[in-house]
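This report describes the strand pairing and the nonpolar packing of the structure shown below.

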Amino acid sequence: MQINLRHNPSFAVARMFLAPGEPVQVESGAMMAHSPGVQISSKEAGGVMQGLKRSVLAGESFFTTTYTAPQNGGWVDVAGVLPGDILPIEMRPDRPFFVARGNWMANSYGTEISSKFGGMGNLFGGEGGFGLQASGEGLVLLSVYGAIDIVDLQPGEQVVIDTGHVVAYDLNMQFRTRRAVEGKSIQSMKSGEGLVFDFVGPGRVYLQSRNPSAFAAWASSIAPSGNQSGGLGGVFNAFN
């Protein structure tokens with residue numbers, strides 16, 4: 001599978017070029033367009049139990065969709081829900097990644113996406129303790145809210161990152177989740193920050209420059225109450 005990105009970094013669309021008969025697994029609702037002759041099938045990836053785990057625990061769709069190219073090859077375009085970039089990760093068998101809730105969009109043949117418990121340190125992170133594990137060999141596409149940032153840590157090197165900005169990280173990295181101001185909940189709230197990750201290298205962390213949870217909270221706070229409008233419609237009406 002070959003990837004061509006366009007309209008990035010603000011409104012990225014990824015075109016996945018597929019060889020004859022090559023399949024690609026796509027998050028439900030992420031497809032924007034595809035070439036003629038591409039075959040589509042939708043099912044619970046890994047069976048009903050895996051589908052439930054993905055939906056209930058990892059916050060992803062119960063169903064995933066497989067697009068398979070015809071004999072002359074084809075392409076599939078995918079785009080994220082929120083404005084921002086698309087992150088292709090070249091997977092290696094010896095380097096699985098933890099993917100935060102809501103960021104996975106597609107993966108090539110040879111890779112596997114499964115629900116994953118991020119560990120007790122991640123359980124009380126603002127984005128939940130469960131996400132997805134990306135493993136195998138091939139390409140995984142992640143949807144990013146805003147721009148992509150990458151932090152590569154050397155052995156013993158540390159960094160502190162807000163939980164809502166984390167997109168993916170090396171599964172073998174050491175980390176913990178804590179209040180932004182350790183041991184002081186009120187001070188953490190006053191600072192405008194909630195929970196953060198302490199990462200320790202070696203390893204890589206992928207970040208998004210915008211926080212989806214913070215945007216949702218902001219949109220809810222300015223949306224007018226009542227039945228006349230709500231959600232993002234209320235956000236737009238608030239400026240009129």
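Contact here means heavy atoms within 4.5 Å. The model is predicted, so local features need pLDDT of at least 70 and side-chain atom pairs count only at pLDDT 80 or more, while totals for chains, interfaces and linings use all residues. Residues are numbered from 1 along each chain as its sequence is written, and side-chain values use heavy atoms, with hydrogens and water left out.

Strands (E, at least two residues) are DSSP runs numbered from the N terminus, and two of them pair if DSSP finds at least two bridges between them. An open sheet is formed by 6 strands in the order β5-β6-β3-β10-β13-β8, with antiparallel pairing. At its edges stand β5 (39-43) and β8 (86-91); each has a single partner strand, so one side of each is left without a neighbour in the sheet. From one strand to the next the twist averages 20°, based on axes that are lines fitted to C-alpha atoms, with angles running from 0 to 180 degrees between N-to-C directions.

Three of the pairings are set out here.

| Antiparallel pair | Bridges | Opposed residues |
|---|---|---|
| β3 and β6 (residues 64-68) | 5 bridges | Glu 27 and Thr 64 |
| β3 and β10 | 3 bridges | Val 24 and Ser 108 |
| β10 (residues 104-108) and β13 (residues 138-143) | 3 bridges | Ala 106 and Leu 141 |

Buried means under 20% relative accessible area, exposed over 50%, and partly exposed in between (1.4 Å probe, protein chains only). In β3, 4 of the 5 residues are buried, so this strand is largely enclosed by the rest of the structure.

A nonpolar core is a set of buried Ala, Val, Leu, Ile, Met, Phe, Trp, Tyr and Cys residues joined through side-chain atoms within 4.5 Å. The largest such core has 18 residues, of which Met 16, Val 24, Val 26, Val 76, Val 78 and Leu 141 touch the most other members. At least two of its residues come from each of β2 (13-18), β3 (23-27), β7 (74-79), β10 and β13, and β2 supplies the largest share, 3 residues. Leaving aside residues up to four places away in sequence, the contacts of Val 76 include Ala 14, Met 16, Met 31, Val 38 and Tyr 67. A second, separate core of 15 residues has Leu 87, Ile 113, Leu 142 and Ala 168 among its members.

Asp 198 lies in strand β18 (residues 195-200) and is buried, with a relative accessible area of 12%. Its side chain makes a polar contact with that of Arg 178 (2.6 Å); such a contact is a pair of N or O atoms within 3.5 Å, where within protein one must be able to donate a hydrogen and the other to accept it, and residues adjacent in sequence count only if both atoms are side-chain atoms.
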